Amino acid sequence: MIDSPVFTPVNIGPVTLRNRIIRSAAFENMAYGNSPSQDLYDYHVAVARGGVGMTTLAYASVNQSGLSFGGQLWMREEIVPGLKRITDEVHAAGAKCSIQLGHCGNMTHRSTCGCMPVGASGGFNIYSPTFCRALKISEIDQLVEDFGHAVDLAREAGFDCVEIHAGHGYLISQFLSPYTNHRHDEYGGSLDNRMRLMRRVIKRVLEAAGDDMGVVVKMNMHDGFRGGMQEGECLEVARELERLGVHALVLSAGFVSKAPMEVMRGAMPLKTFAHYMDTKKFWWLQAMLWLCGRLLIPTVPYKEAYFLEDAKKFRAAVSMPLIYVGGMVSLSKMEEVLNEGFCAMQMARALIRDTDFVNKLHSGELTKSPCGHSNYCIGRMYSLEMKCNKCIADLPDKLRREVDSAEKRWE
C-alpha cells in the first residue's frame, strides 16, 4: 500500500473519516420519483467499497418547492428507510455517509416543484422558462424549519454529516448574491442582510445536528461573472460561517444560471446535452443550444486543481477546516492540496469514471484517474442517470466524436 497523508484519518467535527478523500455531492439523477433507488444504492455502496473516506448523496431538497429534477431526493419521512439502507451498507464498507441539503430557488418549473418557483426576488427565469416570485417572510421562517427537519430525517436515516448547499446560484446563494437579490427588506441590500437567510439556516442546522453529526457548508469563492458576488464578499461569508461554528467549508465557485462551467470547467458537451433532452418538453432549449449554445454556456478552460489558487486565499483568511474541490485526479496533486493546509478533498468525475479509483490509488495500481474530462457525464445527468461515456456501449457516433474531441483538448 502507498504511504501517503491522503490515506490518513481526518476529523470533520465529531466524525472521523478513514482517509482524506470524499465523494463530492455531484448530482446523480438516480432518485427516481424523488426517492432513493437501487441505482443510487448501488453507486454509493460501490464508491464506499472503492475506498473513499466519505461519500455524499447529492442535492436533496428540504421541501417540494426546492425540487428542480424528478430524479432528485426530496427529504420526507417516507424515504428514510431507503436512505437507511444506503447508509447501513456504506458503513459496512468502512466509509462515512453525508447528504447535501438545499433548495433550488428559482431554478425550476411549476411542473417539477408543484408551485410557482420562488427565490430571493421575483422575475423571469429564461432557463425554465418561467416566472418566479420572491419568498415571503413567513415562507422564509418555514424554510428555516424545513432545513432543521431535513437534518432530523438525515440523522434518522443514519447519515454522519450534512452538507448545506450555499453556492452555485441555488436558493441560499440567490440570497447572498447581488445579482439575484434585489430585496428591500431585512434580507436584501447590505451583505449582512443578504447573509441573514444563510445565518438563520446554519444556526437551525447546527441545533438539529447536535454533538454527533458533522456540518459542512458548500460556498462560492466567487460567482464567476461581473455583477455577482466577488472574492471580497465571499471571504466575509467564510468568516461568518467560521464564527457560526460549522465544522468545515467546501470551497467552490460558479452560478448554474449564469456561469455553469465555472463550477465544472471545460466545455459543456452541447450535442450530448441536447441529445438526451425531452424533445417535447424542452424543444425551446434545444433550439437555443443549436443557435447560440456556446454563448449561453461558454467554455472555461480546464486544468488539474483549477480552484487551488483561489482556495489558498481562503485558507489564509480563516483558521477552520477547509475541504478542497475542483479537478482532483492525481495523487501528487492531492498531496499538494494537503500540504497547502486543506484537511481533505472532494472529487466526483474520477469516481464516476471508476468507483474503485481510491483503492487503486492506495494500492499503487494508479497514480492518476483516466477520466478524460469530456464532461459527457455532466451533459447526460440533467436528463438521465449519471454515467461515464466509457460505460455506454452503444454511444451514438455524433456523441462519441464530441467526447473524443473534448478528451484530446484537455489531455
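**Figure 1. A salt bridge between D192 and R199.** In this predicted model, the side chains of D192 and R199 meet in a salt bridge, with 2.9 Å between nitrogen and oxygen. The two partners differ in how much of their surface is accessible: D192, at 41% relative accessibility, counts as partly exposed, whereas R199, at 11%, counts as buried. The word "buried" is used here for a relative accessible area under 20%, and this is why R199 with its 11% falls into that class. As a general point, side chains of opposite charge can pair when their charged atoms come close.

**Figure 2. A salt bridge between E233 and R194, and a network of charged residues.** The side chains of E233 and R194 form a salt bridge in which nitrogen and oxygen lie 2.7 Å apart. Because E233 belongs to helix α8 and R194 to helix α6, which covers residues 191-194, this pair ties together parts of the protein that are 39 residues apart in sequence. E233 is partly exposed, with a relative accessible area of 25%, while R194, at 5% relative accessibility, counts as buried. A network is also found among charged residues, since D192, R199, E240 and R243 are joined into one by salt bridges that share partners. In the structure as a whole, there are 24 salt bridges.

**Figure 3. Helix α2, with a salt bridge between K84 and D88.** Within helix α2, which spans residues 80-92, K84 and D88 are 4 residues apart, and so about one helical turn separates them. Their side chains meet in a salt bridge, for which the distance from nitrogen to oxygen is 2.8 Å. Both residues fall into the intermediate class of accessibility, as K84 is partly exposed at 31% and D88 is partly exposed at 38%. The helix also contains G82, which counts as partly exposed with a relative accessibility of 27%. Although G82 and L40 are 42 residues apart along the chain, their C-alpha atoms are separated by 9.9 Å.

**Figure 4. The surroundings of A305.** A305 is found in the loop that runs between helix α11 (283-296) and helix α12 (308-317). With a relative accessibility of 6%, A305 counts as buried. When its neighbours within four places in sequence are left aside, the residues in contact with A305 are Y324, G326, G327, M328 and K333. For orientation with respect to the previous view, A305 and D88 lie 32 Å apart in space, taken from C-alpha to C-alpha, and 217 residues apart in sequence.

**Figure 5. H247 and the residues that it touches.** H247 lies in the loop between helix α8 (231-244) and strand β11 (248-252). A polar atom of the H247 side chain lies 2.9 Å from the backbone nitrogen of V215. V215 is also one of the residues that H247 touches when residues up to four places away in sequence are not counted, and the others in this list are I12, G13, P14, M213, G214, M320 and P321.

**Figure 6. A nonpolar patch on the surface.** The residues M116, F124, I126 and F131 form a nonpolar patch on the surface of the protein, and together they have about 400 Å² of accessible area. One of these residues, M116, sits in the loop between helix α3 (110-113) and strand β6 (118-119). M116 counts as partly exposed, because its relative accessibility is 31%.

**Figure 7. The whole protein, as a setting for the close-up views.** The protein has 17 helices and 13 strands, and its C-alpha atoms fill a box of roughly 55 × 50 × 40 Å along the principal axes. For 411 residues, a compact globule would be expected to have a radius of gyration near 22 Å, and the 20 Å found for the protein agrees with this. Of the 411 residues, 62% count as buried. Among contacts with a separation of 6 or more, 72% are made by residues 24 or more positions apart. The accessible surface of the protein comes to about 15600 Å², and 51% of this surface belongs to carbon and sulfur atoms.

Note on methods:
Residues are numbered from 1 along each chain as its sequence is written. This is a predicted model: local features need pLDDT of at least 70, side-chain atom pairs count only at pLDDT 80 or more; totals for chains, interfaces and linings use all residues. Side-chain values use heavy atoms; hydrogens and water are left out. Patches are made of residues with over 30% relative accessible area and no salt bridge: like charges are joined within 9 Å, nonpolar side chains (Val, Leu, Ile, Met, Phe, Trp, Tyr) within 5 Å. Accessible areas come from the Shrake-Rupley method with a 1.4 Å probe; for residues, only the protein chains shown count as cover. A salt bridge is a side-chain nitrogen of Lys or Arg within 4 Å of a carboxyl oxygen of Asp or Glu. Helices (H or I, at least four residues) and strands (E, at least two) are DSSP runs, numbered from the N terminus. Buried means under 20% relative accessible area, exposed over 50%, partly exposed in between (1.4 Å probe, protein chains only). A polar contact is a pair of N or O atoms within 3.5 Å; within protein, one must be able to donate a hydrogen and the other to accept it, and residues adjacent in sequence count only if both atoms are side-chain atoms. Contact means heavy atoms within 4.5 Å. The radius of gyration is taken over C-alpha atoms; the globule rule is 2.2 Å times the number of residues to the power 0.38.
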